[in-house]
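Student: I would like to request a close look at a single part of this model, followed by an account of the chains around that part. Please explain each step in plain terms.

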Amino acid sequence: MAVIEDVVCPICGCVCDDIIVTVEDNKIKKVKNSCSISATKFLNFHKHRLPSPLIKKDGDQIPISLEEAVEKVAKILVNAEYPAIYGLALSSCEAQGLGVELAEEIGGVIDNQTVTCHGPTALGLHDVGMPTCTLGEVRHRADLIVYWGCNPEEAHPRHLKRYSVLSKGRFRKEREERKMVIIDVRKTKSTKQADLFLQIEPGQDFELMSALRVILNFDEIEEESVAGLPIEKVEEFAELLRNCEFGIIFFGLGLTMSRGKERNIDAAVSLVRDLNKWAKFSIIPMRGHYNVTGMNEVTAWQTGYAYAVDLSHGYPWYNPGETSFVDILRRGECDAALIIASDPVAHFPKEIARNLCKIPFAVIDPHPSISSLLADIVIPSAFTGIEAEGSAYRMDAVPLRLKKVLEPPPGIYSDEEIISMILEKIRSMRG
Amino acid sequence: MELLIKNGVVYDPINKIDGEVMDIAIKDNKIVDMVDESKAYMIDASNKLVMAGGVDVHTHIAGPKMNTGRILRPEDHYGDVAPKTQIKRSGGGYSTPSSFVMGYRYAEMGYTTAIEPANSPIKMLHCHHEFRDIPILDKSCFVLFGNNWFVWEYLMENKLDECAAYVAWVLNATKGYAIKIVDPGAVEAWKWGDVEFLDILWGRPQTMDQQVPRFGITSRDIIRGLCKVNKLLNLPHPIHVHPNGLGTPGNYQTTIETMDCVKDLADGDKPIIHMTHVQFNGYGGSDWVNFRSGAYEIMKYVNANKHVSMDLGQVIFTNTTTMTGDGPFEYRLYRLTKNKWTNADVEVESGAGIVPMHYKRNNFVHAVMWAIGLELALFAKDPWRVFITTDHPNGGPFTNYPKLLSWLMSKEARQRIINKIPKRAKSKTNLESMDREYSFYEIATTTRAATAKILGLKDKGHLGVGADADISIYDMDPKEINPSKDYKQLRKAFSKAMFTIKEGEIVVKDGETVKSIDGRVYWVKPNVPSDLMNAMESELAGKFDDYYTVSMQNFKIPERYIMRSTPIAAHYG
Ligand code: SF4
């Protein structure tokens, strides 16, 4: 029996690095410190695995050897005019780097889950930048913590305790020393924790931020209400913002994927820029998948851009909306795809998912998914962070090394190894 | 593999070779006495300039700041694309090039070593990630210590030995190379947005003795303390200091005060403090209206005091990206320019900021800044202590080095620019009256020999037997060319090396990368007595979780992860 400490959790953007895992006979017997999502994953990830590589034949998926599967994937990609590599937010930075290399090799698009979550964050950032900080800064200093359009208690269960309202910092030791505000369109499990819950009308975030900026910088607002809130409430909130010492806004898909999209992010950052006149203020996106931040970082240092990169010209080109995976699928331009550690068929709009199913595509994943069920080729992979090591970036871009605590089942390789095999195959095919 | 460079015109200041025509023999990755001429691959270097590979002592090439800069500025990449070739990965970016492109571009200019000057300990893994994707160059990374709570607490309790053990532990854990200090005290104050304190630090005298609120330590305590630690650990490079007040009129006084605050700690002629991108810290006047150059005063001090080395941080008239561990400075720059702005405070230890910047020739302040950098270099009496940098990309991208070299080697090249800057700017600097022109020997010193020496990289920066076979050959005849007049030809030759040889391999030919190999990563492994280290470590373990949001175990980067890990020993005491 081995007790492994400081295991890094490969589930959500909190990337907690204090998990204690007890392993016996290459099985996880016990986990400590993890939240319920993480514990369930650690204890059950080995169930319902993809058993072996599969290929679609007459509507059925039948087993083939890994070698054959790799060759088929290589062929599909090489023969395509405009292929795409998509996913990797649930994988290691090493696999991500190879994913970019593969996309360059085949002259295709490399894109990741950012396109359906914090893509607008990147776009907003291109306009105004982003005053931010690491989570430890929030822990030590924040006396005002705003969660905007997100539900940490359910999506990032240890966020409050480890990094924010309920954490113990150098300058803030007690819960009473901090104020927590939630802005959302509905009550959630998180809203119970808040000192102030502002329930706004859907799609009115931009209006609220603009109103706050006017109140802070200029004068009174004549309107009776903004975003469904009485103006007094908005003014009260503005005073909270102005009078804190160290404020932070955490924001989620409620802001990035609602009406306004990148304009919302522009407005949120502009608000934070303004607030720095009175208090120290920062903003942090609540990234969902544990290594989606890493995928942005890797893609950026290899190509210059964080997602939706088109390498079909022989150099990187970036124009989300034009070069993003969803958009090349929507326009029917993409003619082959390799999906790694992701389930786009389940998450993309229906007609776009349908377009994906019309073209040859392969899936690399530890588990069956809707995408894998519909794929032409499936290659099962090791579970990164449990069966394979590598690096990952927390939502605040702090990098950590994922651990390998178990051996993967026989014949199952990591994403990193599988992508290498495909790359090698393609290069040998091309001579 | 054996290689023979025949009849090159060689400049090798460490071995006092000043333009001699000679052969350089290479076996495997080293320079040797001789090789078998009949077997060796021959490069005919007759009438060509031969020097050791360039060594850049301060250039932001990897890590969180550079990458955040890339993400911040797609416009920086749109206009500067680098296609994939048989050898090269694709990429691009003018002031924030992608990692692969960074390596090729340096190598194609004849550089073989580059030092990333500022990374936060907790994010050092990111720097090593990018190092893996910067081809050809040997690299290392300085670690930010100047605003670190652990360091401060040790220093305030007068626990110098423990502080040294802690610094050694961090260097070892993060695989870093030297102690970097950025705007000591001010970064912590900025984490509270403490503008009142920052105002004091920016632009009033005696700033170095101002106590940081909530801590009580002063900038002087921090710099002196870490200078003593550096000496205790016998680190190969002196403390690398970005002083208080960067970018503020009148800051030349703080710069002199900073150099002077460790003067009594010097022993012998070895520099014990390196002042970086001094141009940004060489301002006279008291506001942007009476702004003037402070280069004369600074160089008077540097020339007279051997305990100091420095680099320029030259400004180029171009559109670039400023990025520094000095978050409060970038905040001020954002307030000044209203440009897009990224700030990135890092728990316990550091911070950073990024703001795009367009230096314009017809802008009075920018023109004076441009002149200050050149003045610093031209006033310098000792090229062994004054190095050429643009503080890439802060003053401008490193790809502008050939231009910068031409300004140093040609009064005429400078004058062409001086004629075009605002009249008022001319009167605020001494540049127009300066006749000095650098020689090839001095250029070889300041871009290679001296930088390798200040880094303590003994096998680099020279061409003697036993040196690393890192060599650049440029397509010009130093005996024929007159840099003073032919500065355009000079620029062309320096832009594209005829050959760059890295560890005995030809990696660049006719300015194009022909082979991509992995470079080494140097880091320092200090050797601290085990009882001292153990005591420090157990104390650290008690506090680590109270301060950081990552565990002490996970803070350490395993050596097997480092690309061609090359530790250098340093001995305590
Ligand atoms: S909060 Fe997220 S990272 Fe932390 S244990 Fe739970 S799932 Fe893992």
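Tutor: A helix here is a DSSP run of H or I with at least four residues, and helices are numbered from the N terminus. The model is a predicted one. The part chosen for the close look is helix H4 of chain A, which covers residues 119–128.

Is this helix enclosed or open to the outside? A residue counts as buried when its relative accessible area is under 20%. By that cut-off 8 of the 10 residues of H4(A) are buried, so the helix is largely enclosed by the rest of the structure. The buried residues begin with Gly119(A), Pro120(A), Thr121(A) and Ala122(A). They continue with Gly124(A), Leu125(A), His126(A) and Val128(A). An α-helix has 3.6 residues a turn, so residues three or four places apart point the same way. After H4(A) comes Gly129(A), which has a positive phi, near 85°.

Another helix of chain A offers a residue to set beside these. Glu239(A) lies in helix H9, which covers residues 231–243 of chain A. Its relative accessibility is 34%, and Glu239(A) therefore counts as partly exposed. Arg213(A) is 26 residues away from Glu239(A) along the chain, and their C-alpha atoms are separated by 11 Å.

These helices belong to a chain with 17 helices and 22 strands. The radius of gyration of chain A is 23 Å, and the globule rule gives 22 Å for 431 residues, so chain A is as compact as a globular protein of that length. Along the principal axes, the C-alpha atoms of chain A fill a box of roughly 70 × 55 × 35 Å. Of the 431 residues in chain A, 65% are buried. Where contacts in chain A join residues at least 6 apart in sequence, 68% of them link residues at least 24 apart. Chain A exposes about 15700 Å², with 50% of this supplied by carbon and sulfur atoms. Its side chains include 49 positive and 61 negative ones, and the centres of these two sets lie 5 Å apart.

Chain B can be described in the corresponding way. It contains 20 helices and 26 strands. A compact globule of 573 residues would have a radius of gyration near 25 Å, and the 23 Å of chain B agrees with this. The C-alpha trace of chain B spans about 70 × 60 × 50 Å along its principal axes. Buried residues account for 68% of chain B. The exposed area of chain B is about 17900 Å², of which carbon and sulfur atoms supply 48%.

The buried interior remains to be described. The largest nonpolar core has 322 residues, and the members that touch the most others are Trp148(A), Phe325(A), Tyr166(B) and Phe494(B). Helix H13 of chain B, residues 364–379, gives the most to this core, with 12 residues. Phe325(A) shows what such a position looks like: beyond its neighbours within four places in sequence, its contacts include Ala84(A), Tyr86(A), Asp111(A) and Cys334(A). Also among the contacts of Phe325(A) are Ile339(A), Phe348(A) and Leu356(A). A second, separate core has 20 residues, including Val10(B), Ile24(B), Val50(B) and Leu463(B).

Terms used: Residues numbered from 1 in each chain as written. Chains lettered and ligands numbered in written order. Predicted model: local features only at pLDDT ≥ 70, side-chain atom pairs only at ≥ 80, totals over all residues. Heavy atoms only, no water. Helix = DSSP H or I, 4+ residues; strand = E, 2+ residues; numbered from the N terminus. Rg over C-alpha atoms; globule rule 2.2 N^0.38 Å. Buried < 20%, exposed > 50% of the residue type's maximum accessible area, 1.4 Å probe, protein only. Areas by Shrake-Rupley, 256 points an atom, 1.4 Å probe, with all protein chains shown as cover. Contact = heavy atoms within 4.5 Å. Lys, Arg positive; Asp, Glu negative; His and termini not counted. Charge placed at Lys NZ, Arg CZ, Asp CG, Glu CD. Core = buried A, V, L, I, M, F, W, Y, C linked by side-chain atoms within 4.5 Å.
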